[in-house]
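Please look over the chain below before reading on. The report goes from the overall fold to single residues.

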Amino acid sequence: MANIVKIVDGYSFLPRSEHTLLEALEHQDIELEYQCRQGFCGCCQIQLVEGEIEYREEPIAYVPEGKILPCCCHPLSDITIELPQPLHMLQNKQSTA
Ligand code: FES
């Protein structure tokens, strides 16, 4: 069963289970900063407010308490995350309405 990703001050969505959290956010047109996408650099880190994630391969980068690396993790439960900037600043959607 898929786990819900809730964004603080944003909305919730169901990611595809084969996607990393970063890929799932990108499918929501949310652009986070990243470099390696493999857990080496640590630049993609975001706050995990609630829930559990797993790393299928343990990241090399230092991950401070409460932070996660979305480029290489998958939700293990419903999770709540806080993005580094307000959602509207990270969204790539152009309104056509
Ligand atoms: S992009 Fe390098 S650790 Fe996530």
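The chain folds into two helices and seven strands. This is a predicted model. From the N terminus, the elements follow the order β-β-α-β-β-β-β-β-α. The radius of gyration is 13 Å, close to the 13 Å that the globule rule gives for 97 residues, so the chain is as compact as a globular protein of that length. Along the principal axes, the C-alpha atoms fill a box of roughly 45 × 30 × 25 Å. Buried residues make up 24% of the 97. Among contacts with a separation of 6 or more, 54% link residues 24 or more positions apart.

**Strand 3 and its partners**

Which strands pair with strand 3 (46–50)? One of them is strand 5, residues 67–68. Strand 3 and strand 5 run antiparallel and are joined by two bridges. Here Ile 46 stands opposite Ile 68. Strand 7, residues 79–82, also pairs with strand 3 in the antiparallel sense, over three bridges. In that pairing, Leu 48 has Ile 81 of strand 7 as its bridge partner.

**The loop before strand 3**

A loop links helix 1 (21–27) to strand 3 (46–50). Asp 29 is found in this loop, and so is Arg 37. Phi is positive in Asp 29, which is not a glycine. Arg 37, also a residue other than glycine, has a positive phi too. Most residues other than glycine have a negative phi.

Is Asp 29 buried or exposed? Asp 29 is exposed, because 11 other C-beta atoms lie within 10 Å and the cut-off for exposed is 12 or fewer. Arg 37 has 15 such atoms within 10 Å, so Arg 37 counts as partly exposed.

**The segment before strand 1**

Ile 4 lies in the segment before strand 1 (5–7). Ile 4 is partly exposed, with 14 other C-beta atoms within 10 Å. What does Ile 4 touch, leaving aside residues up to four places away in sequence? The contacts are Ser 12, Leu 14 and Asp 78. Ile 4 and Glu 52 are 48 residues apart along the chain, and their C-alpha atoms are separated by 11 Å.

The table sets out the exposure of the three residues discussed singly.

| Residue | Exposure | Other C-beta atoms within 10 Å |
|---|---|---|
| Ile 4 | Ile 4: partly exposed | 14 atoms |
| Asp 29 | Asp 29: exposed | 11 atoms |
| Arg 37 | Arg 37: partly exposed | 15 atoms |

Notes:
Residues are numbered from 1 along each chain as its sequence is written. This is a predicted model: local features need pLDDT of at least 70, side-chain atom pairs count only at pLDDT 80 or more; totals for chains, interfaces and linings use all residues. Helices (H or I, at least four residues) and strands (E, at least two) are DSSP runs, numbered from the N terminus. A residue is buried if 20 or more other C-beta atoms lie within 10 Å of its own, exposed if 12 or fewer, and partly exposed in between; C-beta atoms are placed from the backbone. Two strands pair if DSSP finds at least two bridges between them. Two residues are in contact if their C-beta atoms, placed from the backbone, lie within 7 Å. The radius of gyration is taken over C-alpha atoms; the globule rule is 2.2 Å times the number of residues to the power 0.38.
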